[in-house]
Amino acid sequence: MQELVKEFMSQKKFAVVGATDNSQKYGNQIVKNLKGRGYEVYPVNPGLKKVEGLVCYSNLADIPAKVDVVDFVVPPRVTEEILKQCKELGLDRIWLQPGSESEAAMAFCRENNMKVVHSVCVMMS
């Protein structure tokens with residue numbers, strides 16, 4: 001897992017699914033943390049227009065660049081649905097924040113040859 005974490009963190013563009021404008025939530029803290037470390041960050045939340053001064057996208061398909069890593073900060077059932085979109089878009093580096101993973105999500109990633117980091121917070125890496 002440590003090698004995978006290193007590979008993911010050496011990328012440039014992160015989508016944060018579940019980004020929020022609530023500064024008390026991880027979906028906001030992760031956006032701030034990644035942005036502060038110099039990554040290109042693309043917040044994804046269909047209910048918001050901006051997060052931390054960045055344009056917020058309704059879904060992964062709306063992002064104008066191909067992201068390197070998709071970081072999930074949503075409940076497992078939402079993760080499972082959005083992973084299908086990742087597959088369609090050819091996005092294969094998946095970071096499941098603690099609380100966003102499930103057996104079904106992990107199995108989907110394995111079955112579709114997606115690299116997956118889980119049980120580790122991106123802010124700790």
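What follows is a walk through the strands, the pocket, the aromatic pairs and a few odd residues of this predicted model.

A good place to start is strand S6, which covers residues 93–96. Its side chains split into two sets: Arg 93 and Trp 95 point one way, while Ile 94 and Leu 96 point the other, and all of them are buried. S6 has a strand partner in S5 (residues 69–72), with the two running parallel and joined by three bridges. In that pairing, Phe 72 sits opposite Leu 96 of S6. S6 also pairs with S7 (residues 115–118), again in the parallel sense, this time over four bridges. Here Leu 96 turns up once more, standing opposite His 118 in S7. Another contact between these two strands involves Ile 94, whose bridge partner in S7 is Val 116. Leu 96 thus stands opposite Phe 72 and also opposite His 118.

The helices that link these strands come next. S5, helix H3 (residues 76–89) and S6 together form a β-α-β unit, and its hand is right. From S6 the chain then passes through helix H4 (residues 103–111) to reach S7, a β-α-β crossover that is right-handed too.

Towards the start of the chain there is another such arrangement. S1, H2 and S2 make up a right-handed β-α-β unit, and the two strands in it run parallel, held together by five bridges. Phe 14 has Val 41 of S2 as its bridge partner. As for S2 itself, four of its five residues are buried, so the strand is largely enclosed by the rest of the structure.

Helix H2 is also home to Lys 35. With a relative accessibility of 39%, Lys 35 falls in the partly exposed class. Lys 35 and Leu 54 are separated by 19 residues in sequence, and their C-alpha atoms lie 9.6 Å apart.

Turning to the aromatic side chains, the model has three aromatic pairs. One of them is formed by Phe 14 and Tyr 39, arranged edge-to-face with 4.9 Å from centre to centre and 70 degrees between the planes. This pair ties together distant parts of the chain: Phe 14 belongs to strand S1 (residues 13–17), whereas Tyr 39 lies in the loop between helix H2 (26–36) and strand S2 (40–44), 25 residues away. Both rings belong to buried residues, Phe 14 as well as Tyr 39. Another pair brings Tyr 42 and Tyr 57 together in a tilted arrangement, with the centres 6.1 Å apart and the planes at 45 degrees. Again distant parts of the chain are linked, since Tyr 42 is part of strand S2 and Tyr 57 lies in the loop between strand S4 (54–55) and S5, 15 residues apart. Tyr 42 and Tyr 57 are both buried.

Then there is the matter of open space. The largest pocket comes out at a volume of about 250 Å³. Its lining consists of 16 residues, and the ones nearest the centre are Lys 25, Tyr 26, Gly 27, Val 73 and Pro 98. Sorted by class, the lining of this pocket holds nine nonpolar, six polar and one charged residues.

Finally, a couple of backbone oddities deserve a mention. Most residues other than glycine have a negative phi. Glu 52 goes the other way: it is not a glycine, yet its phi is positive, at about 55 degrees. Glu 52 sits in the loop between strand S3 (50–51) and S4, where it is partly exposed with a relative accessible area of 29%. Ser 119 is another non-glycine residue with a positive phi, in this case about 65 degrees. Ser 119 lies in the segment after S7. Its relative accessible area of 51% puts Ser 119 in the exposed class, because the cut-off for that class is over 50%.

Conventions
Residues are numbered from 1 along each chain as its sequence is written. This is a predicted model: local features need pLDDT of at least 70, side-chain atom pairs count only at pLDDT 80 or more; totals for chains, interfaces and linings use all residues. Side-chain values use heavy atoms; hydrogens and water are left out. Buried means under 20% relative accessible area, exposed over 50%, partly exposed in between (1.4 Å probe, protein chains only). Two strands pair if DSSP finds at least two bridges between them. A crossover is right-handed if, with the strands pointing away from the viewer, the path from the first strand over the helix to the second runs clockwise. On a 1 Å grid over the protein atoms alone, a cavity is a set of points where a 1.4 Å probe fits but cannot get out, and a pocket is an open set with protein on both sides within 12 Å along at least five of seven lines; lining residues have an atom within 4 Å of a point. Grid points are joined across faces, edges and corners, and a volume is the space filled by probe spheres set on the points. Ala, Val, Leu, Ile, Met, Phe, Trp, Tyr, Cys and Pro count as nonpolar, Asp, Glu, Lys and Arg as charged, and the others, Gly among them, as polar. Rings of Phe, Tyr and Trp (its six-membered ring) pair if their centres lie within 6.5 Å; planes under 30 degrees apart count as stacked, over 60 as edge-to-face and the rest as tilted.
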